[in-house]
Amino acid sequence: QGALAGSESQQIAQDDIGIESVHVDKTGKDINAVVTIKNNAPAKNTSQLTVKITNVDTNATSTCNKTVDVPTGSNKAVVGCAFATLADGTYALKASIVPQECEACYNSSKASDSISTLFAVGQSGLVKQCAPFTTERLK
């Protein structure tokens with residue numbers, strides 16, 4: 001993905017539960033962090049999801065916490081966390097889960113329990129307006 005794509009994905013192993021993907025939907029200065037949790041374990045899992053965003057310039061943070069029921073059998077739960085009226089800047093987003101522990105609630109790879117990405121607010125892809133260029137002087 002691009003440096004400020006606002007999305008990231010990863011594979012979830014067999015007999016594992018983890019965050020398969022995250023992407024940021026932006027509307028003006030509001031964002032919705034959409035997290036997909038995939039459960040390849042044989043039992044339903046109730047996980048604690050935390051989405052934390054940090055303004056990389058000011059270190060200001062905002063956090064969203066949710067309890068998510070993730071069905072079994074390679075099923076997914078898609079959860080949104082809304083953050084409103086963000087200041088302009090570049091943000092680091094980290095989503096993480098703490099899966100339920102039970103006999104058939106496998107979590108074979110803790111590495112997939114979190115995922116991170118970057119996104120920008122109030123910046124059009126960081127493209128800057130430059131002075132007009134002319135080749136007139138080269139004629």
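A salt bridge is a side-chain nitrogen of Lys or Arg within 4 Å of a carboxyl oxygen of Asp or Glu. With that in mind, welcome to this structure, which is a predicted model. Asp88 and Lys29 make a good place to start: they form a salt bridge, and their closest N and O atoms are 2.0 Å apart. Asp88 sits in the loop between strand 6 and strand 7, while Lys29 sits in the loop between strand 2 and strand 3, so this pair ties together parts of the chain that are 59 residues apart in sequence. Asp88 is partly exposed, with a relative accessible area of 43%, and Lys29 is partly exposed too, at 38%.

How many salt bridges does a search of the whole structure find? The search finds three. In one of them, the side chains of Lys38 and Glu20 meet at 3.9 Å, N to O. Here strand 3 (residues 30-39), which holds Lys38, is linked to strand 2 (residues 17-27), which holds Glu20, and the two residues are 18 apart in sequence. Lys38 and Glu20 are both buried. Glu20 also meets the side chain of Lys76 in a salt bridge, with an N to O distance of 2.9 Å. That pair spans 56 residues of sequence, from Glu20 in strand 2 to Lys76 in strand 6. The surroundings of these two partners can be compared by their accessibility. Glu20 has 17% relative accessibility and so counts as buried, whereas Lys76, with a relative accessible area of 45%, is partly exposed. Because salt bridges share partners here, Glu20, Lys38 and Lys76 are joined into one network.

Now step back to the strands. Strands of a sheet pair through backbone hydrogen bonds, either parallel or antiparallel. In this model, four strands form an open sheet in the order 1-2-3-6, with antiparallel pairing. Which strands stand at the edges? They are strand 1 (7-9) and strand 6; each has a single partner strand, so one side of each is left without a neighbour in the sheet. On average, and with direction ignored, neighbouring strands of this sheet are turned by 20 degrees against each other. If you look at strand 1 and strand 2, you will find them paired in the antiparallel sense over three bridges. Glu8, for instance, has Val22 in strand 2 as its bridge partner.

Next come the cysteines. A disulfide is a covalent bond between the sulfur atoms of two cysteines. This structure has two disulfides. Cys64 and Cys81 form one of them, with sulfur atoms 2.2 Å apart. The torsion about their S-S bond is about -70 degrees, so this disulfide is left-handed. Cys64 belongs to strand 5 (residues 61-70) and Cys81 to strand 6 (residues 75-83), so the bond ties together parts that are 17 residues apart in sequence. Both Cys64 and Cys81 are buried.

Cys102 and Cys105 also form a disulfide, and their sulfur atoms are 1.8 Å apart. The link of Cys102 and Cys105 is right-handed, with 80 degrees about the S-S bond. Is each of these two cysteines buried or partly exposed? Cys102 has 35% relative accessibility and so counts as partly exposed, while Cys105 has a relative accessible area of 9% and is buried. With bonded cysteines counted along the chain, the disulfides follow the pattern 1-2, 3-4.

The tour now turns to the nonpolar interior. In soluble globular proteins, nonpolar side chains tend to be buried together. The largest nonpolar core here has 26 residues, and Leu49, Val51, Phe83, Leu93 and Phe119 touch the most other members. Strand 2, strand 3, strand 4 (45-55), strand 5, strand 6, strand 7 and strand 8 (114-121) are the elements that give two or more residues to this core. Phe83 is worth finding: leaving aside neighbours within four places in sequence, its contacts include Ile31, Ala33, Val51, Ile53 and Cys64. Phe83 is also in contact with Lys29, the salt-bridge partner of Asp88.

One last stop is Ser96, which is found in strand 7. With a relative accessible area of 24%, Ser96 is partly exposed. Not counting residues up to four places away in sequence, Ser96 touches Ile19, Gln48, Leu49, Thr50, Asp113 and Ser114. Ser96 and Ile37 are 59 residues apart in sequence, and their C-alpha atoms are 9.8 Å apart in space.

Key:
Residues numbered from 1 in each chain as written. Predicted model: local features only at pLDDT ≥ 70, side-chain atom pairs only at ≥ 80, totals over all residues. Heavy atoms only, no water. Disulfide = S-S within 2.5 Å. Buried < 20%, exposed > 50% of the residue type's maximum accessible area, 1.4 Å probe, protein only. Pairing = 2+ DSSP bridges. Axes fitted to C-alpha atoms, helices over the stretch in contact; angles between N-to-C directions. Core = buried A, V, L, I, M, F, W, Y, C linked by side-chain atoms within 4.5 Å. Contact = heavy atoms within 4.5 Å.
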